[in-house]
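Please take a moment with the sequence and the three-dimensional view before reading on. The paragraphs that follow begin at the ligand and then move outward to the chain as a whole.

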Amino acid sequence: MMKNYLITFTLLFCLIAVQSTAQINPYKYHSQKKITVTKGAVVSAHPLASQVGLQILKAGGNAVDAAIATQLALAVVYPGAGNIGGGGFLLGHLSNGKNIAIDYREMAPAKASRDMYLDSAGNPQMNLSQDGHLASGVPGTIAGLFASLKYGKLPFKKLIQPAIELAEKGFTLSDAQVADFNESAKEFLQLNASPVAFVKNGGFKKGDILIQTELANTLKRIRDLGAKGFYEGETARLIVAEMQKGNGIITLDDLKYYVVKERTATRFGYHGYEIVSMPLPSSGGILLQQMLGMIADKNIAAMKFQTSASVQLMTEVERRGYADRAAFLGDADFVKVPVKTLVSAAYLKQRMADYDATKAGNSKATAAGNITESEETTHLSVIDAAGNAVSVTTTLNGHFGSRTVVSGAGFILNNEMDDFSVKPGVPNMYGAVGNEKNAIAPGKRMLSSMTPTIVLKNNKPYLVVGTPGGTTIPTSVFQSIVNVIDFGMSAEDAVNKPKFHHQWLPDLIFIEKDFDAATITALEAMGYRISKRGNIGRTEMIQVKNGKIIAVGDKRGDDAAEGY
Ligand code: DON
């Protein structure tokens, strides 16, 4: 009897293993940008990761299972941002009505200190918070995935298997990735003592296959030992050994005592919809509530998409929101943050008291509100047949994080420490400034902009949305939501039409290159300074409309939508 069970179990296990990437061809794939389906969908930054998510949905997994498997696959096929050496936020709305907000943001190591990135004269050394070993916070991703598992249905072994196979057998790099790896080769070589999989002698060429054996072995340890396969034992030992090569400070204890936090999701109403988003240590949910709150009574729909009137209004609320971000926000487990006041209707009304629709505001005059009370990230959106929706943003912070690969373990460590304010008023790599609220302290989480969001209509998921983009994240999510709800745009247009961004300092409106020329002229005439820049974000959106699921991957990258 026992033997029969054993055989059945072994067969089942083999079936799971064999099936895992059976329908996926890692050597030939393309980015499907939009699909309309009825059961479930996954949108992520890489076609193979979206396919993994879809396969998990079809195998009986729910949206949480698919989100876990997609993140693990992204850690293999999209190493610039997908990660096991970084952190993220998972926001979900379950079919039973429960909202979940899982915080697996990196933590500052125990040896971190407020002035650790200042030289003896007090000048910031931004290379230390951005490049190499000292830039890394204690990774949270694997702990986050295991914390998410209780909302899923399938065993972890099944969710991680596709990632293991993609790492072991390899996958064809997309053209964008070939260029990307080659551009970063110099930094990888500078910041690593041992050879790394992401650099090839003579450079990667179109159609090259990337095999990551060390990463596959790390993933197998996680499969076999659970979170301990990352935070203790061999992987932890390899991380600490890597730290010692480059003045890093993460210790075995830092890894062992990393904690995931389940938070209460931020929830608020906007024009008949309910918005569910990420609370602190993300600034995203608060910023979104502030910005939508400040435009709520202004009839922005009548102003229409990207006219000077609507862009001016949105710019002014962005300016005010980001001024508050710099002044008041930080990890609320360490510092006092007046969240209730910041999002209250009375406060937001007062913030807009000096708003003038005819001319540019300015950031000197518009400092933070008066309160008396004491590029690299990636997003994925998933929905399943039962109506569970999951929105995940996860990051290494900068492109390829610290560019330090844990030798022997094959994964890149984050440079998330740069999201702290290394010195009051000194901009980080996204130009964001902060103060003591976001100062470094052992065990503290650095303030984030990641804004995984779900918009509910009649208590059911209507939009699942999010994006990478550093400080541009909350403004992109804000604009994507307004595009759909107020401007009546399709999900596809809401994602792909040009975006803009204002973050208080610098006092500029950043715009994407195909932004409307007449609107630019009108804004300049009002006194705005405009700065053209590259892509803003890579938004992944799912919309549920008239019983159909419309999933859209951003045109700005390899992003792909899959569904059934
Ligand atoms: O948490 C944050 O706000 C940043 N570390 C996000 C970085 C990011 O989006 C880079 N992507 N392009």
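**The ligand and its surroundings**

In this predicted model, a nitrogen atom of the ligand is found 2.6 Å from an N or O atom in the side chain of Asp 419. Two further residues take part in contacts of this kind: a polar side-chain atom of Glu 416 lies 2.6 Å from a nitrogen atom of the ligand, and a polar side-chain atom of Asn 397 lies 2.7 Å from a nitrogen atom of the ligand. Considered alone, the ligand exposes 350 Å², and the protein buries 98% of that area.

The space that the ligand takes up is the largest cavity. Around the ligand there are 16 residues, and the closest of them are Thr 377, Glu 416, Asp 419, Ser 448 and Gly 470; Glu 416 and Asp 419 have thus already appeared above, each with a side-chain atom 2.6 Å from a nitrogen atom of the ligand. When the residues of this shell are sorted by character, four are nonpolar, seven are polar and five are charged.

Stepping back from the ligand, one can turn to the chain. Its secondary structure comes to 19 helices and 19 strands. The radius of gyration of the chain is 23 Å, which is close to the 24 Å that the globule rule gives for 564 residues, so the chain is as compact as a globular protein of that length. Along its principal axes, the C-alpha trace of the chain spans about 75 × 60 × 45 Å.

Notes. Residues numbered from 1 in each chain as written. Predicted model: local features only at pLDDT ≥ 70, side-chain atom pairs only at ≥ 80, totals over all residues. Heavy atoms only, no water. Near = heavy atom within 4 Å. Polar contact = N/O pair within 3.5 Å; in protein donor to acceptor, adjacent residues only side chain to side chain. Areas by Shrake-Rupley, 256 points an atom, 1.4 Å probe, with all protein chains shown as cover. 1 Å grid on protein atoms, 1.4 Å probe; cavity = no way out; pocket = protein on both sides within 12 Å on 5 of 7 lines; lining within 4 Å. Sits in = over half its atoms within 2 Å of the grid points. Nonpolar A, V, L, I, M, F, W, Y, C, P; charged D, E, K, R; others polar. Helix = DSSP H or I, 4+ residues; strand = E, 2+ residues; numbered from the N terminus. Rg over C-alpha atoms; globule rule 2.2 N^0.38 Å.
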